[in-house]
Amino acid sequence: KLAPIMGICVYMAPTSTIYNVWNEQKVGDLPLAPYTSMICNSFVWFTYGVMRQIPMVWITNGTGLALGIVYFSVFSCYAPVQSSTLPGSVAQHVMAASCIIILCLGLATFLGAGMVGNLGIFLCVVMFASPLAALKVVLQTKSADAIPLPFTLASVINCIFWSVSGLFDLHDYAIYVPNLLALAFSLVQLLLKIIYGSTGRQWSGMVPLEQEEEEGEDM
C-alpha cells in the first residue's frame with residue numbers, strides 16, 4: 001500500500017528543480033521532456049484508474065497531472081525557443097501532449113481500458129527515461145548536472161514499490177511491466193549521476209554560463 005505514497009513523492013520530487021528554475025530564471029541544459037511526459041503519463045493512468053475503478057491509481061495520477069501542469073508551465077516560461085536538450089521546442093511539446101491526450105480519450109471511448117493501459121505502458125517508460133534526453137551533454141561535459149537527482153532517486157524507489165504492487169497485489173501487467181522497465185532506466189540515470197556527479201553549474205550548450213558571460217564582457 002506504499003506504492004501510491006511513493007508515486008506522489010515521485011511527482012513532487014521535481015519541486016526543488018522547478019523552484020531553482022523559477023528562482024534563477026533559467027533552465028540551463030535541463031530537459032523539458034520529463035514534465036511533458038509526466039502530464040501525458042498521468043492523464044493516461046488517471047483515465048485507466050477511473051475506468052478500472054482502482055482508486056490507488058487514479059488518485060495518485062490525478063495528483064501527478066496537476067503537478068505536471070504546474071512544472072511544465074514554470075519551466076516553459078524560462079526555456080529557450082528550441083534546444084537539443086529539451087528536446088525540440090516548447091510548442092512541439094504542447095502539440096505532442098495534446099495529441100496523446102486526444103488519443104487516450106479516443107482509445108477510452110472506442111477500445112476500452114485495455115488499450116489505454118497499453119498506451120500507459122509506453123508513456124510510463126518514456127517518462128522515466130526522458131531525463132536521458134540530456135545523455136549527450138552528460139557524456140561530453142563529464143557532468144551530470146542535467147540529470148535531476150531528486151526525481152531519479154524517487155523514481156527508483158517508486159518503481160520498486162509499484163512493481164511489487166502490480167505483481168503481487170493488483171496482478172496487472174499494465175502496472176508491473178512499465179515499472180520494471182522504468183526501474184532499469186532510472187538505475188542508469190542514477191549510475192551516471194554517481195559516475196559524473198554535479199559541478200553545481202548551469203550549462204548552456206557545451207559551455208558553462210559563467211564562461212559565456214566572461215567571454216561576452218571581453219567582447
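This is a short talk on the fold, the nonpolar core, one aromatic cluster and the internal spaces of the chain shown above.

The model is a predicted one, and everything I say is computed from it. I will start with the overall layout. The protein chain has 219 residues, and 49% of them count as buried. It contains ten helices and four strands. Going along the sequence, the order is α-α-α-α-β-β-α-α-α-α-α-β-β-α. On contacts, take those in the chain with a separation of 6 or more: 76% of them are between residues 24 or more positions apart.

Next, the core. As general background, nonpolar side chains in soluble globular proteins tend to be buried together. Here the largest nonpolar core has 43 residues. Which of them touch the most other members? They are Leu32, Tyr35, Val44, Trp45, Val57, Phe75 and Val116. Two or more residues each come from helices H1 (3–12), H2 (15–24), H3 (33–52), H4 (55–78), H5 (90–110), H6 (113–129), H8 (149–170) and H9 (173–196). H3 gives the largest share of this core, eight residues.

Two residues from that list, Tyr35 and Phe75, lead on to the aromatic part. There are five aromatic pairs in the structure. I will go through two of them.

The pair of Tyr35 and Tyr71 has ring centres 5.9 Å apart and planes at 65°; the cut-off for edge-to-face is over 60 degrees, so this pair is edge-to-face. Tyr35 belongs to helix H3 and Tyr71 to helix H4, so the pair ties together parts that are 36 residues apart in sequence. Are these two tyrosines buried or exposed? The limit for buried is under 20% relative accessible area. Tyr35 has 4% relative accessibility, so Tyr35 counts as buried. Tyr71 has 3%, so Tyr71 counts as buried too.

The other pair is Tyr35 with Phe75. Their ring centres are 5.6 Å apart and the planes are at 45°, so this pair is tilted. This pair also links distant parts of the chain, with Tyr35 in helix H3 and Phe75 in helix H4, 40 residues apart. Both Tyr35 and Phe75 are buried. Taken together, Tyr35, Tyr71 and Phe75 make up one aromatic cluster.

What else do the two H4 members of the cluster touch? I leave out neighbours within four places in sequence. Phe75 is in contact with Ile18, Val21, Val27, Leu30, Pro31, Leu32, Tyr35 and Leu86. Tyr71 touches Tyr11, Met12, Pro14, Thr15, Ile18, Tyr35 and Met38. Ile18 and Tyr35 therefore appear in the contacts of Phe75 and in those of Tyr71, by the cut-off of heavy atoms within 4.5 Å. For Tyr71 and Thr15, the C-alpha atoms are separated by 7.7 Å, with their positions 56 residues apart along the chain.

While we are on H4, one more residue. Gly62 is also found in this helix. Gly62 has a relative accessible area of 23%, which makes it partly exposed. From Gly62 to Val44 the C-alpha distance is 9.9 Å, and the two are 18 residues apart in sequence. Val44, as I said, is among the core residues that touch the most other members.

Last, the spaces. How many cavities of 30 Å³ or more are there? The count is two. The second largest cavity holds about 30 Å³ of space. Its lining is Thr17, Leu30, Pro31, Pro34, Tyr35 and Pro148. By type, that is five nonpolar, one polar and no charged. Tyr35 turns up here again, in the cavity lining as well as in the aromatic cluster. Leu30 and Pro31 of this lining are also in contact with Phe75.

Then the second largest pocket, with about 180 Å³ of space. Twelve residues line this pocket, and those nearest its centre are Thr36, Ser37, Cys40, Ala96 and Val126. Helices H3, H5 and H6 each supply at least two residues of the lining. The lining divides into seven nonpolar, five polar and no charged residues.

To finish, back to helix H3. H3 gives the largest share of the core, holds Tyr35 of the aromatic cluster, and supplies at least two residues to the lining of the second largest pocket. That is the end of the talk.

Note on methods. Residues numbered from 1 in each chain as written. Predicted model: local features only at pLDDT ≥ 70, side-chain atom pairs only at ≥ 80, totals over all residues. Heavy atoms only, no water. Core = buried A, V, L, I, M, F, W, Y, C linked by side-chain atoms within 4.5 Å. Buried < 20%, exposed > 50% of the residue type's maximum accessible area, 1.4 Å probe, protein only. Phe/Tyr/Trp six-rings, centres within 6.5 Å; stacked < 30°, edge-to-face > 60°. 1 Å grid on protein atoms, 1.4 Å probe; cavity = no way out; pocket = protein on both sides within 12 Å on 5 of 7 lines; lining within 4 Å. Points joined across faces, edges and corners; volume = space filled by probe spheres on them. Nonpolar A, V, L, I, M, F, W, Y, C, P; charged D, E, K, R; others polar.
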